[in-house]
Amino acid sequence: YNNKNRRQRIHKVQQPDLRGDPGQCHDYRRQRIQGLHQPDLSEHPKQCHDNRIQRIRKLHQPDIRSGMVGVTSIGDSVFQLCTSLNSITIPSSVTSISESLFAFCSSLNFVAIPSTVTLIGRRAFASTALTSVEIPSSVTTIGNEAFNDCPSLTSVKFDEDSRLRIIGDKAFLGCRSLTSVTLPSSVISIATDAFDEAITNVTII
């Protein structure tokens, strides 16, 4: 008896007719999509990229110290391709310089790194116009390609009490004007091709 009642209830359920032409479902879905007001995405990525570059190129000396109290790290590539940026003072709360943070800032010729920084990340200052850089004693690691392709770089100075331990792969490769450098005795690892072949004198004290 129970099974009979159950079958009767099931028969009363109104099911959609799925036996029709599947193309009708496809056409209906397509009509709904066509009714949406969508932006033209065919050139959208390029437009976004071009607009971003135009805004970035207007930066000269952004004051990143104000409003950044307590900030320990700035996101990867934030200032990448800021081609008008010529100098930067990193806030004293920052402890690491992120990957590609200032990469390809082709006018950047001065940077002040605070004594709170322990890590200079991969390609952080690659392809910039830096002429000299002072590495504070707090820095323990200079990442791969951190200063790669900085042809105007002539001087790299380390604090006397430097705690630097690692210089990454190709960290100073392409720094053709850097002919000599004095490294702290704390260094335990200098990776392959850390310095350009133009360098003729490496001293460890």
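**Close-up 1. Rings that pair up.** Rings of Phe, Tyr and Trp (its six-membered ring) count as a pair if their centres lie within 6.5 Å, and planes under 30 degrees apart make the pair stacked, over 60 edge-to-face, and anything else tilted. Go by that rule and you get five aromatic pairs here. One of them is F79 with F102, which is stacked because the ring centres sit 5.4 Å apart and the planes are at 10 degrees. This pair links distant parts of the chain: F79 is in the loop between α3 (44-56) and β1 (87-89), F102 is in the loop between β2 (96-97) and β3 (110-112), and the two are 23 residues apart. The names α and β stand for DSSP runs numbered from the N terminus, with helices (H or I) needing at least four residues and strands (E) at least two. Both F79 and F102 are buried. Buried means under 20% relative accessible area, exposed means over 50%, and partly exposed is in between (1.4 Å probe, protein chains only).

Before you look further, keep in mind that this is a predicted model, where local features need pLDDT of at least 70 and side-chain atom pairs count only at pLDDT 80 or more, while totals for chains, interfaces and linings use all residues. Residues are numbered from 1 along each chain as its sequence is written, and side-chain values use heavy atoms, with hydrogens and water left out.

**Close-up 2. Another stacked pair, F172 and F195.** Here F172 and F195 form a stacked aromatic pair, 5.2 Å from centre to centre with 5 degrees between the planes. F172 lies in the loop between β8 and β9 and F195 in the loop between β10 (189-190) and β11 (201-204), so the pair ties together parts that are 23 residues apart in sequence. Is F172 buried or exposed? F172 is buried, since its relative accessible area is 1%. F195 counts as buried too, at 15% relative accessibility. Now zoom out a little: F79, F102, F125, F147, F172 and F195 form one aromatic cluster.

**Close-up 3. Arginines meet glutamates.** Side chains of opposite charge can pair when their charged atoms come close. The rule used for a salt bridge is a side-chain nitrogen of Lys or Arg within 4 Å of a carboxyl oxygen of Asp or Glu, and it gives three salt bridges. In one of them, R122 meets E99 at 3.3 Å, N to O. That pair links distant parts of the chain, with R122 in the loop between β4 and β5, E99 in the loop between β2 and β3, and their positions 23 residues apart. R122 is partly exposed, with a relative accessible area of 37%, and E99 is partly exposed at 34%.

**Close-up 4. E145 and its partners.** Find E145 in the loop between β6 and β7. Which residues does E145 touch, leaving out those up to four places away in sequence? They are R122, R123, A126, D169, K170 and A171, where a contact means heavy atoms within 4.5 Å. E145 forms a salt bridge with R122 (3.4 Å, N to O) and a salt bridge with R123 (2.8 Å, N to O). R123 is in the loop between β4 and β5, 22 residues apart from E145. E145 is buried, because its relative accessible area is 17%, and R123 is buried as well. Put the pieces together and E99, R122, R123 and E145 are linked in a network of salt bridges.

**Close-up 5. Two residues with a positive phi.** Most residues other than glycine have a negative phi, and most peptide bonds are trans. S127 has a positive phi of about 60 degrees, although it is not a glycine. You'll spot S127 in the loop between β4 (119-120) and β5 (132-135), and S127 counts as buried because its relative accessibility is 15%. K170 also has a positive phi, near 60 degrees, without being a glycine. Look for K170 in the loop between β8 (166-167) and β9 (180-183); K170 is partly exposed, with a relative accessible area of 32%.

**Close-up 6. A nonpolar patch on the surface.** I190, V202 and I204 make a nonpolar surface patch of about 260 Å². Patches are built from residues with over 30% relative accessible area and no salt bridge, joining like charges within 9 Å and nonpolar side chains (Val, Leu, Ile, Met, Phe, Trp, Tyr) within 5 Å. The accessible areas come from the Shrake-Rupley method with a 1.4 Å probe, and for residues only the protein chains shown count as cover. I204 lies in strand β11 and counts as exposed, at 52% relative accessibility.
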